[in-house]
Amino acid sequence: MCLFCSACMEICPEQSIAFTRDYRLAARKRGHLLLSHENSLVPAAPLDGDLHKAFSKSLSVCAVSAGGCNGCEAESNILQTITWDMMRLGINLAASPRHADALLISGPITQNMRLALQKTIDAAPDPKLIIALGACAISGGIYSSLPQQCNGCEGAGLKPDLFVPGCPPHPLTILDGLLRLMGWIRG
């Protein structure tokens with residue numbers, strides 16, 4: 001999983017690695033995060049069917065830290081400030097999973113947090129969305145393959161509806177992914 005540190009770009013002898021300022025990085029499928037000459041960026045597609053009906057007008061999100069460094073949490077909290085003001089767009093932060101439509105999971109999901117996370121997910125009403133926020137929640141990030149953690153959501157047996165890459169992801173990437181998921185932005 002790329003942490004966006006740019007070290008690979010600096011050491012590449014052919015200088016064939018380049019970074020972009022494109023913020024549309026969130027994807028509905030983890031495989032869409034892998035870019036190559038054949039596979040280009042696929043921005044997150046909106047929810048379909050009943051989920052789209054349920055979440056197209058507003059979204060209540062509960063942030064859940066599952067053992068991370070707090071970088072992703074800090075970036076997602078910025079979305080509540082006057083600069084970003086995601087509430088004006090119909091996205092609110094819920095203090096309790098019982099009032100949430102979506103769980104914004106960050107961190108590699110440590111073994112010590114696994115049961116607490118599952119109880120949090122179970123406490124959220126159905127239907128619910130799971131959002132993997134950051135490299136750790138997607139793949140374990142810099143902690144991948146350590147026995148004390150699960151290598152992210154999928155390693156813990158979860159099936160995220162949205163993957164937001166970065167270490168940490170930029171607030172615009174988070175907001176863009178959420179708005180695309182709700183079907184408010186297309187293309």
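Colleague: Happy to look at this with you! Leaving aside its neighbours within four places in sequence, which residues is Gly 90 in contact with?
Modeller: Glad to help, and keep in mind that this is a predicted model. Contact here means heavy atoms within 4.5 Å. With neighbours within four places in sequence set aside, the partners of Gly 90 are Ser 58, Leu 59 and Trp 184.

Colleague: Where is Gly 90 placed, and is it buried or exposed?
Modeller: Gly 90 sits in the loop between H3 and strand S2 (91–93). Its relative accessible area is 14%, and the cut-off for buried is under 20%. Gly 90 is therefore buried.

Colleague: How many Å separate the C-alpha atoms of Gly 90 and Ser 56?
Modeller: Along the chain, Gly 90 and Ser 56 are 34 residues apart. In space, their C-alpha atoms are separated by 9.3 Å.

Colleague: Let's move to H3. Which strands and which helix do the buried residues of H3 pack against?
Modeller: Helix H3 covers residues 71–78, and its buried residues are Gly 71, Cys 72, Glu 73, Glu 75 and Ser 76. These buried residues pack against strand S1 (59–65), strand S3 (102–106), strand S4 (129–133) and helix H7 (171–181).

Colleague: Now for H4. What span should its 13 residues have, and how far apart are its end C-alpha atoms?
Modeller: Helix H4 takes in residues 111–123. At 1.5 Å a residue, the expected span is 18 Å. This agrees with the distance between its end C-alpha atoms, which is 19 Å.

Colleague: Why do the buried residues of H4 line one face of the helix?
Modeller: The buried residues of H4 are Leu 117, Thr 120 and Ile 121. Seen down the axis of H4, they line one face because they fall within an arc of 95°.

Colleague: Which residues are exposed on the other side of H4?
Modeller: It helps to begin with the buried residues of H4, whose cover includes S1, S3 and S4. On the other side of H4, the exposed residues are Asn 112, Leu 115, Lys 119 and Asp 122.

Colleague: Which residues does Gln 111 touch, not counting those up to four places away in sequence?
Modeller: Gln 111 is found in helix H4 and is partly exposed, with a relative accessible area of 37%. Gln 111 is also 8.9 Å from Gly 67, C-alpha to C-alpha, with their places 44 residues apart in sequence. Not counting residues up to four places away, Gln 111 touches Pro 147, Gln 148, Gln 149 and Cys 150.

Colleague: Gln 149 came up there, so what is its relative accessible area?
Modeller: Gln 149 is placed in the loop between helix H5 (135–139) and helix H6 (152–155). Beyond its neighbours within four places in sequence, Gln 149 has contacts that include Pro 108, Ile 109, Gln 111 and Tyr 143. Gln 149 counts as buried, and its relative accessible area is 7%.

Colleague: On to charges. How many salt bridges does a search of the whole structure find?
Modeller: One of them is formed by Lys 128 with Asp 126, with the closest N and O atoms 3.2 Å apart. In that pair, Lys 128 is partly exposed at 22% relative accessibility, while Asp 126 is exposed at 65%. For the whole structure, the number of salt bridges found is 4.

Colleague: Which parts of the chain are tied together by Arg 30 and Glu 154, and how many residues apart are they in sequence?
Modeller: Arg 30 and Glu 154 form a salt bridge, their closest N and O atoms being 3.1 Å apart. Arg 30 lies in the loop between H1 and H2 and Glu 154 in helix H6, so the pair ties together parts whose separation in sequence is 124 residues.

Colleague: Are Arg 180 and Asp 176 buried or exposed?
Modeller: These residues form a salt bridge, with the closest N and O atoms 2.9 Å apart. They are about one helical turn apart, because they are 4 residues apart in helix H7. Both Arg 180 and Asp 176 are buried.

Colleague: One more on the surface! Which residues make the nonpolar surface patch of about 310 Å²?
Modeller: One member, Phe 19, lies in the loop between helix H1 (7–11) and helix H2 (49–55). Phe 19 counts as partly exposed, at 35% relative accessibility. The patch is made by Phe 4, Met 9, Ile 17 and Phe 19.

Note on methods:
Residues numbered from 1 in each chain as written. Predicted model: local features only at pLDDT ≥ 70, side-chain atom pairs only at ≥ 80, totals over all residues. Heavy atoms only, no water. Patch = residues over 30% accessible without salt bridge, like charges linked within 9 Å, V, L, I, M, F, W, Y side chains within 5 Å. Areas by Shrake-Rupley, 256 points an atom, 1.4 Å probe, with all protein chains shown as cover. Salt bridge = Lys/Arg side-chain N within 4 Å of Asp/Glu carboxyl O. Helix = DSSP H or I, 4+ residues; strand = E, 2+ residues; numbered from the N terminus. Buried < 20%, exposed > 50% of the residue type's maximum accessible area, 1.4 Å probe, protein only. Expected span 1.5 Å × (residues − 1). Arc of directions from axis to C-beta.
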